[in-house]
Amino acid sequence: MASARAGRTPRTGRAPPPRAARAVPPHSGRTDRPMKISRIETFLAPPRWMFVRVETDEGVVGWGEPVVEGRAEPVRAAVEVLSEYLLGQDPARIEDHWQVMTKGGFYRGGPVLSSAVAGLDQALWDIKGKRHGLPVHQLLGGPVREQIRAYAWVGGDEPHAVRDAVTAQVEAGFTAVKMNGCGRMTPVATRAEVRECLLRAETAREVLGDERDFGLDFHGRVSPANARRLLPLLADYAPMFVEEPVLSDYLQALPDLVNASNIPLALGERLFTRREFLAPLQAGVAILQPDISHAGGISELRRIAALAEVYGAQLAPHCPLGPVALAASLQVAFTTPNFLIQEQSIGIHYNQGAELLDYVVDPEPFRFHGGSLLRTDRPGLGVEVDEAAVRAADERGHAWRNPVWRHEDGAFAEW
């Protein structure tokens, strides 16, 4: 039996080379008997990503992106454990596998397990689309739009660089950008800290004018008290949204923050199930930002989108990750009526040593047209992973960790 273990897990060493995957033409007709999952491998890829490759006995291969940024190794181990169940199974039974993987253990939930499930779920949808010769969005009910508006990151940790960074993205054709609203911030901000946050917003609005948008990411760095102070002051600059106005630890503060200003509030990258999104929606959060590589994959992301629609909220998937995560997010976005805008990581300041396009054979699906990505009918997730590049990247690996910040008195500060 083929091993469930990854290319180079902490315990297993190098796996034998897989047999070459056979090309499967669209509508191949071989849908009369169940396929079986025959091999599952994971690959650590710089700058901070992980890919999973799921192969079937018919040679159809699906790709997913299961990772918790800064905690890739535990997710890799979780994929290995879940693979014990998946090997030998029919990959077409996606919903049943999702139920077993998420509920089949006595202890459930959390970012590590949910992210492992997310990547495997993406790979199973990729296989289903490839076997039937259809893009995943067709399997989800068909497209409701022909292009996806995306925004570009401009950092924002250093306020003096905001003007040039925003200008560069406007010149590249983007109609929206996002930046961090502040750097390290004390729990009760000084006037200088408040002014720096406002200066970022003022600068962005000056460059963008009234026809383009910007989002401000508080990144969990802002205490509830500071958020109540900042939101009314920022309203004059009309940001598209303020993201993570407070940490998800403080969801009880959301009703007060929603009422503090007319700025749409957004959050969700640190929430992992549709149940966790219910309280923010009830509090009046306008934009949900689940991550397809953390929140249970395609299967759960579309359910979160449907829940948001009940509350009149929009979907703006979190995705500062690699090409498979972005491709999977787009498949959901094309078929989601209440989709708003897509995050993407090309050129993001986290990408040190590798870029999103380094791991794809053809960059065309990620070519921007006026700041938007166009719909294609490529099967599966719609992206062809450069397997040789991924295997070479795994040889280098990575051990990315987020910075640890401290206040001037030495106490821990939120990053």
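Biologist: How much space lies in the largest pocket?

Modeller: About 690 Å³. Keep in mind that this is a predicted model.

Biologist: Which residues lie nearest the centre of that pocket?

Modeller: Start from the lining, then look inward. Here 27 residues line the largest pocket. Nearest its centre lie Val68, Glu69, Arg270, Asn402 and Trp415.

Biologist: Which helix gives the largest share of the lining?

Modeller: Helix α3, residues 111–132. Its share is three residues.

Biologist: How many of the lining residues are nonpolar, polar or charged?

Modeller: Sort the lining by class. The largest pocket has 12 nonpolar residues, 10 charged and five polar.

Biologist: Now the interior. Which residues have the most contacts inside the largest nonpolar core?

Modeller: A nonpolar core is built from buried residues joined through side-chain atoms within 4.5 Å. The largest one here has 65 residues, and Leu120 and Ile298 have the most contacts inside it. Helix α11, residues 323–334, supplies the largest share of this core, with nine residues. There is also a second, separate core of 40 residues. Among its members are Met179, Cys182, Leu216 and Val222.

Biologist: What is Leu120 in contact with, leaving aside its neighbours within four places in sequence?

Modeller: Ile40, Val52, Val54, Val79, Leu82, Leu86 and Met101.

Biologist: Val52 and Val54 take me to strand β4. Is β4 mostly covered or mostly open?

Modeller: Check each residue against the burial cut-off, under 20% relative accessible area. Strand β4 spans residues 49–56, and eight of its eight residues are buried.

Biologist: Which residues point which way from β4?

Modeller: Read the strand as two sets. Trp49, Phe51, Arg53 and Glu55 point one way. Met50, Val52, Val54 and Thr56 point the other way. Both sets are buried, Arg53 and Glu55 included.

Biologist: In which sense, parallel or antiparallel, do β3 and β4 pair?

Modeller: Follow the bridges between the strands. Strand β3, residues 37–45, pairs with β4 in the antiparallel sense over eight bridges. One pair to find on screen is Phe43 with its bridge partner Phe51 in β4. The two strands form a hairpin, with three residues between them.

Biologist: What about β4 and β5; how many bridges are there?

Modeller: Four, again in the antiparallel sense, with β5 covering residues 61–64. Arg53 stands opposite Trp63 in β5.

Biologist: Which residue in the turn between β4 and β5 has a positive phi?

Modeller: Gly59, at about 85 degrees. This turn belongs to a hairpin of β4 and β5, with four residues between the strands.

Definitions and conventions:
Residues numbered from 1 in each chain as written. Predicted model: local features only at pLDDT ≥ 70, side-chain atom pairs only at ≥ 80, totals over all residues. Heavy atoms only, no water. Buried < 20%, exposed > 50% of the residue type's maximum accessible area, 1.4 Å probe, protein only. Contact = heavy atoms within 4.5 Å. 1 Å grid on protein atoms, 1.4 Å probe; cavity = no way out; pocket = protein on both sides within 12 Å on 5 of 7 lines; lining within 4 Å. Points joined across faces, edges and corners; volume = space filled by probe spheres on them. Nonpolar A, V, L, I, M, F, W, Y, C, P; charged D, E, K, R; others polar. Pairing = 2+ DSSP bridges.
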